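Subject: Structure handover

Hello,

Here is the structure I promised to pass on. My notes follow below it.

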Amino acid sequence: TRVLALPKPSFTSVYYASLGKLYDPVTRPSGIVNLAVAENRLAAPLIMERLAAAGSGATPESLAYNPYAGSDRLRAAVARVASRHIARCSVDPANVILTNGAGSALWLLAANLADAGQGILVPTPYYYAY
């Protein structure tokens, strides 16, 4: 099993401490708006209202990051499309990995290329989450 265990830069403690001070229109109107995560929490109520009106069956979790490999339902759909139109052979959904951005793709790649105790050099400048 491959494991990604990297030392965290010292400024990540500030980031994690800020997570307890996030904006909420009722309980914390002067809170912090986190721009480091690509989840639109400010518009989530409006988005959920419109998704419900469209009969999507979406839940609030639908707007958040999904499992690193992607949801089972989406992986199965992508495997079907790939099987029929791209690969022209049977693609097993277990072999499909979907990511929600470059950070997740890089994390998965690093976790699968390096063994425990190994590292991957990342040149600067870099986005701290990578």
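Start at the end of α3: the residue that comes after this helix is Arg88, with a positive phi near 55 degrees. Arg88 is not a glycine, yet its phi is positive. Please keep in mind that this is a predicted model. Arg88 sits in the loop that connects α3 (72-86) to α4. Its relative accessible area is 68%, so Arg88 is exposed.

Overall make-up

The protein has four helices and zero strands. Read from the N terminus, the order is α-α-α-α. Of the 130 residues, 13% are buried. The exposed area is about 10,000 Å². Carbon and sulfur atoms account for 60% of that area. I also looked at contacts between residues at least 6 apart in sequence: 43% of them link residues at least 24 apart.

Helix α3

This helix has 15 residues. From first C-alpha to last, α3 spans 20 Å, close to the 21 Å expected at 1.5 Å a residue. Its buried residues are Arg75, Ala79, Ala82 and Ser83. They fall within an arc of only 100 degrees around the axis, and therefore lie on the same side of α3. What is exposed on the other side of α3? Arg73, Arg84 and His85 are.

One salt bridge is present in the structure. It joins the side chains of Arg75 and Asp72, at 3.7 Å from N to O. Both residues belong to α3. They are three residues apart, which is about one turn of the helix. Are the two partners buried or exposed? Arg75 has a relative accessible area of 11%, so Arg75 is buried. Asp72 comes to 59%, so Asp72 is exposed. The cut-offs here are under 20% for buried and over 50% for exposed. Arg75 therefore appears twice in these notes: in the buried set of α3, and in the salt bridge with Asp72.

Helix α4 and the nonpolar patch

α4 covers residues 102-113. It has twelve residues. The span from its first C-alpha to its last is 16 Å, close to the 16 Å expected at 1.5 Å a residue. Which residues of α4 are buried? They are Ser104, Leu108, Ala110 and Ala111. Their arc around the axis is only 165 degrees, and this puts them on the same side of α4.

There is also a nonpolar patch on the surface. Its members are Leu106, Leu109, Leu113, Ile120, Val122 and Tyr126. Together they have about 560 Å² of accessible area. Leu106 is a residue of α4. Leu106 counts as partly exposed because its relative accessibility is 43%, a value between the 20% and 50% cut-offs.

Helix α2 and its surroundings

How many of the ten residues of α2 are buried? The number is one, so α2 lies largely in the open. Just after this helix comes Gly55, with a positive phi of about 70 degrees. That gives you two positive phi values to look at: Gly55, just after α2, and Arg88, after α3.

Ahead of α2 there is Arg41. Its place is the loop between α1 (12-18) and α2 (44-53). Arg41 counts as exposed because its relative accessibility is 61%. Arg41 and Leu63 are separated by 22 residues in sequence. In space, the C-alpha to C-alpha distance between Arg41 and Leu63 is 8.3 Å.

Where to look

If time is short, I suggest these views:

- The salt bridge between Arg75 and Asp72 in α3.
- The buried side of α3, with Ala79, Ala82 and Ser83 among its residues.
- The surface patch that includes Leu106, Ile120 and Tyr126.
- Arg88 in the loop between α3 and α4, with its positive phi.

Best wishes

Note on methods
Residues are numbered from 1 along each chain as its sequence is written. This is a predicted model: local features need pLDDT of at least 70, side-chain atom pairs count only at pLDDT 80 or more; totals for chains, interfaces and linings use all residues. Side-chain values use heavy atoms; hydrogens and water are left out. Patches are made of residues with over 30% relative accessible area and no salt bridge: like charges are joined within 9 Å, nonpolar side chains (Val, Leu, Ile, Met, Phe, Trp, Tyr) within 5 Å. Accessible areas come from the Shrake-Rupley method with a 1.4 Å probe; for residues, only the protein chains shown count as cover. A salt bridge is a side-chain nitrogen of Lys or Arg within 4 Å of a carboxyl oxygen of Asp or Glu. Buried means under 20% relative accessible area, exposed over 50%, partly exposed in between (1.4 Å probe, protein chains only). The expected span of a helix is 1.5 Å times one less than its number of residues. The arc is that of the directions from the helix axis to the C-beta atoms. Contact means heavy atoms within 4.5 Å.
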